[in-house]
Amino acid sequence: MAKPNSKAPTKSVDIYCATCQQQLFRYKKGGKGALVKCFKERISKDFTSVEGTCPKCETIFARDTLVRGTPALKIIGGKVRFK
């Protein structure tokens with residue numbers, strides 16, 4: 001399979017916890033679709049202390065995985081929102 005595009009997209013979105021509205025990170029998202037996975041190399045600012053867990057309410061919102069050979073966070077449906 002092909003690797004993700006090495007040049008990061010220019011559009012940045014803020015990712016928030018759906019439960020407590022705590023900001024989790026700022027991510028360079030490509031495309032218009034839903035947030036299914038976040039490549040770790042595209043996270044520009046991380047506000048979490050434990051990867052995949054909200055620092056305020058401690059809800060697990062993502063799992064650590066490899067997507068096309070690149071480290072990523074696989075988002076659990078309905079646990080995050082982005083603006």
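**Notebook: strand pairing**

I started at one residue pair and found that Val67 stands opposite Thr70 in strand 6. A reminder to myself: this is a predicted model.

Next I looked up the strands around that pair. Strand 6 covers residues 70-75, and I see it pairing with strand 5 in the antiparallel sense over six bridges.

Then I asked myself which strands form the open sheet, and in what order. I read three strands, in the order 3-6-5, and the pairing is antiparallel. Why is one side of strand 3 and of strand 5 left without a neighbour in the sheet? Strand 3 (37-39) and strand 5 (62-67) stand at the edges and each has a single partner strand, so one side of each stays free of a neighbour there. I also noted the twist, which averages 35 degrees from one strand to the next.

On to the strands with lower numbers. Strand 1 (residues 12-17) pairs with strand 2 (residues 23-28), and I noted five bridges in the antiparallel sense. Looking for a residue pair here, I found Gln23 in strand 2 as the bridge partner of Tyr16. I then checked the hairpin of these strands: five residues lie between strand 1 and strand 2, and Gln21 takes a positive phi near 65 degrees.

Last lookup: where else does strand 2 pair? I found strand 4 (residues 43-46), joined to strand 2 in the antiparallel sense over three bridges. For this pairing I wrote down Phe25, whose bridge partner in strand 4 is Asp46.

A background note to close the page: strands of a sheet pair through backbone hydrogen bonds, either parallel or antiparallel.

Methods
Residues numbered from 1 in each chain as written. Predicted model: local features only at pLDDT ≥ 70, side-chain atom pairs only at ≥ 80, totals over all residues. Heavy atoms only, no water. Pairing = 2+ DSSP bridges. Helix = DSSP H or I, 4+ residues; strand = E, 2+ residues; numbered from the N terminus. Axes fitted to C-alpha atoms, helices over the stretch in contact; angles between N-to-C directions.
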